[in-house]
Amino acid sequence: MNSQELKQTTQSGTLNESAARLEKSRAQALARGDTKQSAVTSNDLGVLYYLGGRKSESRAAFELARIGFTKLNDSVGQARALGNLARLEENSGNPKAAMALYEQAVDLFHEGNERSDEFATLRLLSQLFLKQGGWLQALAAFDRALTVKPHRTLFDSFLHRIYQIPLQMMLAR
């Protein structure tokens, strides 16, 4: 669910009312055997639950979405569900779990050729490494983000070359 869709969904009621509508939609998708719609709706429900402070329900919804997208062999859908799980883990105080989930999401976005989402997820991973004191890992993740950034500028290329200096020095040790 993008921010515009989320806004439309919640304009007509509270988060709980919106979640109830999505729960009904997911139940209907499951009854029809529509795995794709069920996975998409589960992911959206996870977002609404998260925004409403319902973390355990959010985690369960994201996990159902991931399972559904895996059955469909939808790497981008899996990546979105994993990225959402990563954000949940990060904000729940589980940085190591979040890092692993972000890394999985990055790989799946790469597999699905979703460069803008891969770039955004690498930036989130870089920020998390930095918060945890892993400046070199943060630099490496941000440098990797620059290599997949859509609409890369000359300045991005310059930064990439500059970032390579400490990264290469650390590899030479």
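User: Before we dig in, what does "contact" mean here, and which residues does Leu-82 touch beyond its neighbours within four places in sequence?
Analyst: Contact means heavy atoms within 4.5 Å. Keep in mind that this is a predicted model. Setting aside the neighbours within four places in sequence, Leu-82 has these contacts: Arg-66, Leu-101, Gln-104, Ala-105 and Leu-108.

User: Which element has the highest mean pLDDT?
Analyst: The protein as a whole averages a pLDDT of 91, and 92% of the residues score at least 70. Among the elements, helix 1 (residues 3-11) sits at the bottom with a mean of 62. At the top, with 98, is helix 6 (residues 95-111).

User: Which helix gives the largest share of the largest nonpolar core?
Analyst: That core has 20 residues, and Leu-82, Tyr-102, Leu-125 and Phe-129 have the most contacts inside it. Helix 5 (75-91), helix 6, helix 7 (115-131) and helix 8 each give two or more residues to this core. Another core, of 6 residues, lies apart from it and includes Ala-19, Leu-22, Leu-48 and Tyr-49. Back in the largest core, the biggest contribution is 7 residues, and it comes from helix 6.

User: How many nonpolar residues are there in the contact of helix 8 with helix 9?
Analyst: The axes of helix 8 (residues 135-148) and helix 9 (residues 154-172) come within 9 Å and cross at roughly 145 degrees, and the crossing is left-handed. On the helix 8 side you'll find Leu-136 and Phe-142, among others, meeting residues of helix 9 including Tyr-163 and Leu-167. The residues of this contact include 2 charged and 3 polar ones, and the nonpolar ones number 10.

Methods. Residues are numbered from 1 along each chain as its sequence is written. This is a predicted model: local features need pLDDT of at least 70, side-chain atom pairs count only at pLDDT 80 or more; totals for chains, interfaces and linings use all residues. Side-chain values use heavy atoms; hydrogens and water are left out. pLDDT is the predictor's confidence in each residue, from 0 to 100. Helices (H or I, at least four residues) and strands (E, at least two) are DSSP runs, numbered from the N terminus. Axes are lines fitted to C-alpha atoms, for helices over the stretch in contact, and angles run from 0 to 180 degrees between N-to-C directions. A crossing is left-handed if the near helix is turned anticlockwise from the far one by less than a right angle, and right-handed if clockwise. Ala, Val, Leu, Ile, Met, Phe, Trp, Tyr, Cys and Pro count as nonpolar, Asp, Glu, Lys and Arg as charged, and the others, Gly among them, as polar. A nonpolar core is a set of buried Ala, Val, Leu, Ile, Met, Phe, Trp, Tyr and Cys residues joined through side-chain atoms within 4.5 Å. Buried means under 20% relative accessible area, exposed over 50%, partly exposed in between (1.4 Å probe, protein chains only).
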